[in-house]
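Open the model in your viewer and keep the selection panel at hand. We will go from stop to stop, choosing what to select next.

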Amino acid sequence: MKTVRMGAGSGYWGDLLEPAIDLAKRGELDYLGFDFLAELTMSLLQRAKRRNPDTGYIPDVVPWMRALLPITHGNGTRMVLNGGGTNCEAAAEAVLRVARDADLTQLRVAAISGDDLTSRIGEFRQAGVTLANMETGERSIDEIADRIVSAHAYIGSEGIVEALAGGAEVVIGGRLADSSVYVGPLMHEFGWSFEDADWNLLGAAITVAHVIECAGICCGGMSSQWKNVPEPWNMGFPIADFRQDGTAEISKLPDTGGLINQWTIKEHLLYETHNPADYRMPDGIADLTTTRLEETGPDRVRLWDMSGRERPDMLKVQIGYTDGWIAEARVLLPWPDTMAKADRCEEIIRKRLDIVGVTPRELRFDRVGVDALAGPLARRPRRDPEEIELRVTARVDSREEAAMVNREVTHVSTIGPVGTAFGPPVKPREVIALWPTLVPRDMVPVNVTFEEI
Amino acid sequence: MMTTLNDLAYTRSGDKGDISNIGIMAFGAAEYEALRTWVTPERLRSFFAGVVLGPIQVYELPRIQSLQVVLHDALGGGATQTLRFDETGKSMAALMCRMQIPTALLRKGEAG
């Protein structure tokens, strides 16, 4: 039975590079996929592109391709990535420059566009699309319209299938859904189409894609199994062998670190999937509740009985908009009387902010080591801790107000308790808030362009 | 007699916007039955008082003996705008581990 072998080369922008190189060399892969994008990334890239029109893609694409292309070009492994960010064409050109520098020939690269809706907001509003916030519901997009930085649709596999059918060896997309990086190659290889789809097979493809798309995070990274994970510093990234009948095996290369067992796969099936019977992706809706799994060997788990339903008519869109500033500052308080010192410092800072007339939208005091993670659930320590970091954060309207908060935290070391230690200040950061919404799929056509050497 | 969830299951949490989700993977069938019975949105509401401000859902995955807990308005506005040090709520799973669960539920599960 035909089996497609796919490796995950990256789960986020900044991930390890060595496991991808290892997979390219030893994986005997049909495809190597890369996810580089988190929810905020497209806004950051859009801003970079506004400053310099030649940027806007994930900068790592260049060193990654420099390391990987000479290996994959010639061994038959094709690469699919969403590292094009907001400028896939520039990313494709950068990849071709890398190829030329490495004296590679006969290489075809495809760029997928259409996901960028930043300049189309008015058009959607005119067409009667409300762009209501999926999470908060009631608010109107008009409240934030003049502060929008970026708007990108999570697009599916259509462009990838077209690019692969067109002979592309490297396929570069922007806001491709993470799962589509893997679903696209499966659709191409098995000749699946959306018009005549077996939605259970697409559900299986989405489920398997979800398991591997965060790379090392299904292999004992970020894991409840951490005590038993061998050599995380040599983490092996996952491989999925997907069979035509909609079953799959997840494994990793021998002689790599990390761990794959029922727990690491279960914890990833549940990771950020919310309603498990209704895991909505642009290529289909996976029902994760039907999935069965078993360990079939060391670092090897088989998945079957995966299922799904028809893809949604609406695509998710993530809109980023500016929404004030965050100030962050900290002082470190030594024993004795650590808790009392922290309380006194908090009191001083609150009074000082009143005096200078800064009223943050939100003001937070964390006693790091006591309650920074547990918040109201924290148990008060029985003894005064050795030391406490008082972390002060504030949401304010402007950079100037953020700077004033920082200054008042600095003052506490000269007007507050003895021994209050301070370090270099943290720079205020502008907030890009997210506005998730939906648009009709048929209003988001994708376009594929090819370049080659 | 009470036991802690940490003795019955593994947990891991993630985020999407201001929504935190916690996967709870039971060690076995008895643990799964006990957790399924005990971990309800109502109990989570009081357990996470002051942390989770929005609706709470609990989904069951019997084939992998796991629960999916979804907590809305749980991360101070979401990773890009929160004042939390733990912007993405990776430590929410650790809080979940502290929940107290009656051991009697566990024995009932074994008998069943």
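Contact, on this tour, means heavy atoms within 4.5 Å. The model is predicted.

**Stop 1: where the chains meet**

Select chain B and chain A together. In contact are 42 residues of chain B and 49 residues of chain A. The area buried between the two chains is about 3900 Å². Carbon and sulfur atoms give 58% of that area.

Now pick out Arg12(B), Arg63(B) and Leu83(B). These residues supply 23% of the area that chain B buries against chain A, more than any other three residues.

**Stop 2: polar links across the interface**

How many salt bridges does the rule find across the interface of chain B and chain A? There are 3. To see a salt bridge between these chains, select Lys90(B) and Glu272(A). Their side chains meet with N to O at 3.9 Å. The interface also has 21 residue pairs in polar contact.

Next, colour the strands of chain B. Each of β2 (9–16), β3 (19–26), β4 (56–61) and β5 (66–71) supplies at least two residues of the side that touches chain A. The largest share of that side comes from β2(B), with 7 residues. By class, the side of chain B that touches chain A holds 18 nonpolar, 13 polar and 11 charged residues.

**Stop 3: the second largest pocket**

Stay with β2(B). This strand also gives the largest share of the lining of the second largest pocket, 5 residues. The pocket has a volume of about 400 Å³. Its lining has 19 residues. Select Ser224(A), Trp226(A), Asn6(B), Tyr10(B) and Thr11(B): of the lining, these are the closest to the pocket's centre. Which elements give two or more residues to the lining? They are β2 and α3 (92–96) of chain B. By class, the lining divides into 8 nonpolar, 8 polar and 3 charged residues.

**Stop 4: a cavity**

Move on to chain A. A search of the whole structure finds 1 cavity of 30 Å³ or more. The largest cavity has a volume of about 50 Å³. Select its lining, which includes Ala38(A), Glu39(A), Met42(A) and Ser43(A). Add Ser150(A), His152(A), Tyr154(A) and Arg175(A), also among the lining residues. Then add Gln318(A), Gly320(A) and Leu434(A), which line the cavity too.

Three elements to highlight here are α2 (41–51), β5 (148–153) and β14 (314–334) of chain A, which give two or more residues to the lining. The lining residues divide into 4 nonpolar, 5 polar and 2 charged.

**Stop 5: two backbone details**

Follow chain A to the loop between β14 and α10 (338–356), the place of Pro336(A). Is the peptide bond from Trp335(A) to Pro336(A) cis or trans? The bond is cis, with omega near 5 degrees.

Then jump to Leu131(A), in the loop between α5 (121–126) and β5 of chain A. Leu131(A) is not a glycine, yet its phi is positive, at about 55 degrees.

**Stop 6: a link within chain A**

Over all chains, the count comes to 38 salt bridges. For one of chain A's, select Glu189(A) and Lys2(A). Their closest N and O atoms are 3.0 Å apart. The pair links distant parts of the chain, 187 residues apart. Glu189(A) is in helix α7 (residues 180–190), while Lys2(A) is in the segment before β1 (3–10).

Terms used:
Residues numbered from 1 in each chain as written. Chains lettered and ligands numbered in written order. Predicted model: local features only at pLDDT ≥ 70, side-chain atom pairs only at ≥ 80, totals over all residues. Heavy atoms only, no water. Buried area = accessible area lost by both parts, 1.4 Å probe. Salt bridge = Lys/Arg side-chain N within 4 Å of Asp/Glu carboxyl O. Polar contact = N/O pair within 3.5 Å; in protein donor to acceptor, adjacent residues only side chain to side chain. Helix = DSSP H or I, 4+ residues; strand = E, 2+ residues; numbered from the N terminus. Nonpolar A, V, L, I, M, F, W, Y, C, P; charged D, E, K, R; others polar. 1 Å grid on protein atoms, 1.4 Å probe; cavity = no way out; pocket = protein on both sides within 12 Å on 5 of 7 lines; lining within 4 Å. Points joined across faces, edges and corners; volume = space filled by probe spheres on them.
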